[in-house]
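Colleague: I would love a close look at one part of this protein, explained for someone in the first year. Could you take your time over a single helix and what lies around it?

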Amino acid sequence: MDIDRDLEKIALQEKRLRFKEFNADIAWALGSALKAAAEQLRATVIIDIQLKGFPLFSYAMPGSTPDNWEWIRRKRNVVLRYYRSSYAIGLQHERAQTTLQSTVGLDLRDYSTHGGGFPILLEGTGCVGAITVSGLPQREDHGLVVSVLQEYLHLSGEDLALERG
């Protein structure tokens, strides 16, 4: 895994995976697609989609735990603070050999820079919410969200996936 290459690819993901609009129907479609994709992987995840702090889709697959909900909350907090994917923020800190706590004093009980949180970005507006998944290793959580967004936004032909780590 090359951190600089991953950060470059995630920046491209965040640039391309944008919506013209976002509402409850879109959240439902994305949440349902994430659930189906996780089922195909035989994965146990929790899925959370929020728009401006308002929950639009939440689902806990059988076998998930309360700890997964804590990961969701902490990853989402990072997305909503930085308007970037939680994995990008984590990789930036890994490269710099720092943490959110050491650089800006954020409590790690409330913020997690592990992969799985992705900003809902509106064209011409910016970040209006977060899509968050927890249950897989962090790179796979991130990849699951990106692959479903890419499919939903009809960008399947673009090379947006991270290299297999």
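Which residues are buried in α6?

Modeller: Happy to walk you through it. Please keep in mind that this is a predicted model.

In α6, the buried residues are Arg 139, Asp 141, His 142, Leu 144, Val 145, Val 146, Val 148, Leu 149 and Gln 150. An α-helix has 3.6 residues a turn, so residues three or four places apart point the same way. You can keep that in mind while you turn the helix on your screen.

Let us check the length of the helix next. Helix α6 has 15 residues, from 138 to 152, and at 1.5 Å a residue it should span 21 Å. Its end C-alpha atoms are 22 Å apart, which agrees with that expectation.

Now go to Gln 138, which lies in α6. Gln 138 has a relative accessible area of 29%, so it counts as partly exposed: the buried class ends at 20% and the exposed class begins over 50%. Beyond its neighbours within four places in sequence, Gln 138 is in contact with Tyr 87, Thr 113, His 114, Gly 115 and Gly 116. One of these partners is also reached by a polar atom: the side chain of Gln 138 comes to 2.9 Å from the backbone nitrogen of Gly 115.

Some of those names return when we look at Ser 86, a residue of helix α4 (residues 86-96). Ser 86 is buried because its relative accessible area is 0%. Its side chain reaches the backbone oxygen of His 114 at 2.6 Å. Not counting residues up to four places away in sequence, Ser 86 touches Lys 75, Val 78, Val 79, Ser 112, Thr 113, His 114, Gly 115, Gly 116 and Gly 117. So you can follow His 114 from two sides: Gln 138 is in contact with it, and Ser 86 touches it.

Another link leads to helix α1 (residues 3-16), where you will find Ile 10. With 0% relative accessibility, Ile 10 counts as buried. Its contacts, leaving aside neighbours within four places in sequence, are Arg 84, Ser 85, Tyr 87, Ala 88, Leu 91, His 142 and Leu 162. His 142 in that list is one of the buried residues of α6, and Tyr 87 is also in contact with Gln 138.

Next comes a helix that packs against α6. Two packed helices are described by the angle between their axes and the distance between the axes. For helix α2 (residues 24-40) and α6, the angle is about 125° and the axes are 10 Å apart. The two helices are therefore oblique to each other, and α2 passes α6 in a right-handed crossing. On the α2 side, the contact is made by Ile 26, Ala 29, Leu 30, Ala 33, Leu 34, Ala 37 and Ala 38. On the α6 side, it is made by Leu 144, Val 145, Val 148, Leu 149 and Tyr 152. Among these, Leu 144, Val 145, Val 148 and Leu 149 are buried. Ile 26 also gives us a sense of distance, as its C-alpha atom is separated by 24 Å from that of Gln 138, 112 residues apart along the chain.

Finally, look just past the helix. His 154 is in the segment after α6. Most residues other than glycine have a negative phi. His 154 has a positive phi of about 60°, although it is not a glycine. His 154 is exposed, with a relative accessible area of 71%.

Note on methods
Residues are numbered from 1 along each chain as its sequence is written. This is a predicted model: local features need pLDDT of at least 70, side-chain atom pairs count only at pLDDT 80 or more; totals for chains, interfaces and linings use all residues. Side-chain values use heavy atoms; hydrogens and water are left out. Helices (H or I, at least four residues) and strands (E, at least two) are DSSP runs, numbered from the N terminus. The expected span of a helix is 1.5 Å times one less than its number of residues. Buried means under 20% relative accessible area, exposed over 50%, partly exposed in between (1.4 Å probe, protein chains only). Contact means heavy atoms within 4.5 Å. A polar contact is a pair of N or O atoms within 3.5 Å; within protein, one must be able to donate a hydrogen and the other to accept it, and residues adjacent in sequence count only if both atoms are side-chain atoms. Axes are lines fitted to C-alpha atoms, for helices over the stretch in contact, and angles run from 0 to 180 degrees between N-to-C directions. Angles under 35 degrees count as roughly parallel, over 145 as roughly antiparallel, 65 to 115 as roughly perpendicular and the rest as oblique. A crossing is left-handed if the near helix is turned anticlockwise from the far one by less than a right angle, and right-handed if clockwise.
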